Amino acid sequence: MPRGNSKKGTPARGQGVKRRRTADPKEKEQPIASVVNPRSSVVPFPEPSTKCISDTNSNSEPTGNTWKSYSRARSVLDSFQLLYTLDKVWPVPVEQLVQFIAYLSLKHFSPATVRLYISGISFSHKERNLEDTTKNFVVSKMLEGLHRNHPQRDNRAPVTLPLLRQITDALPSICSSTYESLLFKSSFILAFFAMLRVSEFTTKNKSDSSTEALQLSDVVVSDCQLKINIKKSKTDQRGYSTFIVINKYRDNANICPVLTLKKYLAARPAVSGCYHLFMHFDGSPLTRYQLSAMLRKSVNFCNIPNPNLLKSHSFRIGAATEASKRGINDETIKKWGRWSSGAFERYIRIPW
């Protein structure tokens, strides 16, 4: 990945314009990562893997939060039908769906929430093995029109490579110990290079004993590469697992994920009963709140403009943006980031 000066990585308000790929041919020579499924051969990034991630994700189920939203959608639909004395039948008639969307719009529900509720109703149709009336042409066009009339921007800024170097260099000045500095540096860098969702490597709270976040046994480090096994994720609720291979980043050793994680693992204490990859010296796991709080402190310490635009998801946004800048094809970015749809396109901010 290219060097750059820290000012180029400074986020500004608003979303990037349409993608334009201006890759330097030399940049493609440096492999960064690859994504493979169980029993698939490892292939060098940016070549596509021999088996699509979507093959194993086709049977994915809604996550906990999505499931709650889907249940809420059915509840709101029930209330709507009761209010207007409509028949509660499945499949839901197209006319009812059209009226339901109009009702939600008049109640000032955001376009994203309306689409989420319709997705919940769609899932209910599939559960019942019924015709999915939410896919009707009129329903689809109403959702499109709703988004067009109420455009929403994702103002979260990407963590660029220069900015990643800047905020990790600041950690020794704001962390309580050398170990804490190394813990957060490793988590920041791995979040970027592995395009991790925050739920994939941090816990909800200190007492969270679930094994969904990366465990020590999920990581294997050699001299030249890092192998990560993500057992479960947003698009892999059944736990088929996805393996990510990250090669040494030779452009800048200070933010090399292989070297940084090797150093962290050498310093990580062996605490009985504590198996999370990222944990504090006392054995408590790294939480989502702690990650966000330290990112905020680092950004403020570096006097980055518009610090509120940088969130924990900014590492994932930044990696997708960097891959696109290098001319990596969409399908490979989708596999690397474990997206099961075209949603990844919203993460790419070019130019930035």
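## Aromatic pairs

The structure holds 15 aromatic pairs. The model is a predicted one. A pair of aromatic rings is described by the distance of the centres and the angle of the planes.

## F80 and F100

One of these pairs joins F80 and F100. The ring centres lie 5.4 Å apart. The planes make an angle of 50 degrees, and the pair is tilted. F80 belongs to helix α2 (residues 64–83), and F100 to helix α3 (residues 94–106). The two residues are 20 apart in sequence, so their pairing ties together separate parts. F80 and F100 are both buried.

## Y264 and F278

Y264 and F278 also form a tilted pair. Their ring centres are 5.6 Å apart, with 45 degrees between the planes. The angle is neither under 30 nor over 60 degrees, so the pair counts as tilted. Y264 sits in helix α8 (residues 257–267). F278 lies in the loop between α8 and α9 (288–301). The pair links distant parts of the chain, 14 residues apart.

How buried is each partner? Y264 has a relative accessible area of 0% and is buried. F278 has 1% relative accessibility; buried means under 20%, so F278 counts as buried.

Y264 and F278 belong to one aromatic cluster. Y179, F201 and F281 are in that cluster too.

## Charges over rings

Two arginines place their charged ends over tryptophan rings. The charged end of R74 is 5.8 Å from the centre of the W67 ring. For R316 over the ring of W339, the distance to the centre is 4.0 Å.

How values were computed:
Residues numbered from 1 in each chain as written. Predicted model: local features only at pLDDT ≥ 70, side-chain atom pairs only at ≥ 80, totals over all residues. Heavy atoms only, no water. Phe/Tyr/Trp six-rings, centres within 6.5 Å; stacked < 30°, edge-to-face > 60°. Helix = DSSP H or I, 4+ residues; strand = E, 2+ residues; numbered from the N terminus. Buried < 20%, exposed > 50% of the residue type's maximum accessible area, 1.4 Å probe, protein only. Lys NZ or Arg CZ within 6 Å of the ring centre and 35° of its normal.
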